[in-house]
Amino acid sequence: EGKLALNGHLTYTDGAANMLDPFYVFIDPHWLDCPNQYGPVALFFFNVIAWLGGDNTFMGILAMKMIDVAWAICIFFIIKYIARAAQLNEVKAQILVCLNPIFFIQGLGQMHIDLLSCVLVCAFLYGIAQNRFWIAGVTTGLMGATKFMLFPLFWGLILVYAVYRWNQKALNIKALAWSAVYSLAVFCVAYWPVWQGLDTILIPMAYHEKKEPVKSVVELLSYLLAYLLPQHGPIYGNLDPFLQDKIYWGHKLKPFFQIIALLLAAKVVVSIVVSKNINQLLYGFCRIMLLVFILYSPVVHAWYFLIVLPFFVIGDQRREVIWFAVISFTLTNTYEIGQTVGASVGNLIMILFTVISVMSYFLFFKKFYFESKKVPDLVQADEVELVLPGK
């Protein structure tokens, strides 16, 4: 994307433009016509990497790695301040995030842009901890200009947080209004150089809906159903019968799981609107993100969960930490076997283990640990601020 953009080719509305660069031969055929899924903030870094690397692939990889390391360092230190605001052990919080398999394998190891989204989520939580709406607004604008779906998602969180502050009779309406102005300004300024009409956003979003489920719970279950209930009909041309069955079951299951996800998310929304403290509100939002990623989205990759990591720092959530360690390991390994998944017993056991570990969260972890009086509220009072270096 960076090399194409430097040569004047944007792929937000034309995924076929990928083939204008010789590098397209390395793209998986499944994604060859994929329009750019990342916003202009991400594209800026892609441009920097392409400019630094030029035609030297090794130098491009090295540049990307150095940028990823810089993002990881930012996360390491921001997590420290978030934990301090929540009166939690700072070192344990840093270990929970930075030694998680999703972080150091999918983030640092495979250099996914979602590590940048994780930096912005950390900055967002820092703004909430400081009662500074403008920080939350600016970071939300940057998130939306990195991955568009994060924009409405996190603005939903800001509005719910505003309701929480209103109930506490501590809402600064002027600060909330300015945060909206900052957020929209950042978002619009970022998109202005690449804007090609609403299609700049709509076409990349619509692309995934047309694709068969990939590495999601839906796809994993469709593999099981293809193995247990084969159809073997000439549905999708000359594909292998097992793959045809998998695609068939995937399209049947997708709307069912999306409805379940929306119903569960609505239930969580009701609970967080009446939250008793900010920890409960933030963790409820975390559950909504997990629902979107695990059940609603037809395409799921392990690195999507990078932006969930900072939320697990909030509160005393030992059971959730154990669960997240399990799911991180499972998702990472499931992704690694990738397209090699077939009808073998070993792979099906791995798939089943993934599905069980995903669903266990919604079946067994209903109570919030931070409902205990021992867990302090992340935001103590308006006058409480973190001690920054140099202050």
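A nonpolar core is a set of buried Ala, Val, Leu, Ile, Met, Phe, Trp, Tyr and Cys residues joined through side-chain atoms within 4.5 Å, where buried means under 20% relative accessible area, exposed over 50%, and partly exposed in between, with a 1.4 Å probe and protein chains only. The model is predicted, so local features need pLDDT of at least 70 and side-chain atom pairs count only at pLDDT 80 or more, while totals for chains, interfaces and linings use all residues. Residues are numbered from 1 along each chain as its sequence is written, and side-chain values use heavy atoms, with hydrogens and water left out.

**Exercise 1. The whole protein and its core**

Find how many helices the protein has, and which helix gives the most residues to the largest nonpolar core.

Solution. Begin with the helices and strands, which are DSSP runs numbered from the N terminus (H or I of at least four residues for helices, E of at least two for strands); the protein has 15 helices and zero strands. Next, of its 391 residues, 52% count as buried. Then turn to the largest nonpolar core, which has 100 residues, and in which Ile75, Phe103, Phe124, Phe154, Phe305, Val308 and Phe311 have the most contacts. Helix H13, residues 278-296, gives the most to this core, with 13 residues. Finally, take phenylalanine 124 and leave aside its neighbours within four places in sequence: its contacts (heavy atoms within 4.5 Å) are with Ala136, Thr139, Thr140, Met143, Phe154, Leu157 and Ile158.

**Exercise 2. Two helix pairs**

Decide how H3 and H4 are oriented to each other, and do the same for H8 and H9.

Solution. Two packed helices are described by the angle between their axes and the distance between the axes. The axes are lines fitted to C-alpha atoms, for helices over the stretch in contact, and the angles run from 0 to 180 degrees between N-to-C directions. Angles under 35 degrees count as roughly parallel, over 145 as roughly antiparallel, 65 to 115 as roughly perpendicular, and the rest as oblique.

- Helix H3 (residues 57-85) and helix H4 (residues 90-98) pack at about 135°, with axes 8 Å apart, and they are therefore oblique to each other. On the H3 side the contact is made by Ile75, Phe76, Ile79, Lys80, Ala83 and Arg84, and on the H4 side by Glu90, Ala93, Gln94, Val97 and Cys98.
- For helix H8 (residues 150-167) and helix H9 (residues 173-191), the axes come within 11 Å and cross at roughly 175°, so the two are roughly antiparallel to each other. Here Phe151, Trp155, Ile158, Ala162 and Trp166 of H8 meet Ile173, Leu176, Ser179, Ala180, Ser183, Leu184 and Phe187 of H9.

**Exercise 3. The loop between H5 and H6**

Determine whether histidine 112 is buried or exposed, and state what is unusual about the phi of methionine 111.

Solution. Histidine 112 is found in the loop between helix H5 (101-109) and helix H6 (114-129). Its relative accessible area is 13%, so histidine 112 is buried. Not counting residues up to four places away in sequence, histidine 112 touches Asp68, Gln106, Gly107 and Trp303. Methionine 111 lies in the loop between H5 and H6 as well. Most residues other than glycine have a negative phi; methionine 111, although not a glycine, has a positive phi of about 55°.

**Exercise 4. Isoleucine 61**

Classify isoleucine 61 by its accessible area.

Solution. Isoleucine 61 is found in helix H3. With a relative accessible area of 43%, isoleucine 61 is partly exposed. Isoleucine 61 and isoleucine 49 are twelve residues apart in sequence, and 8.0 Å apart in space, C-alpha to C-alpha.
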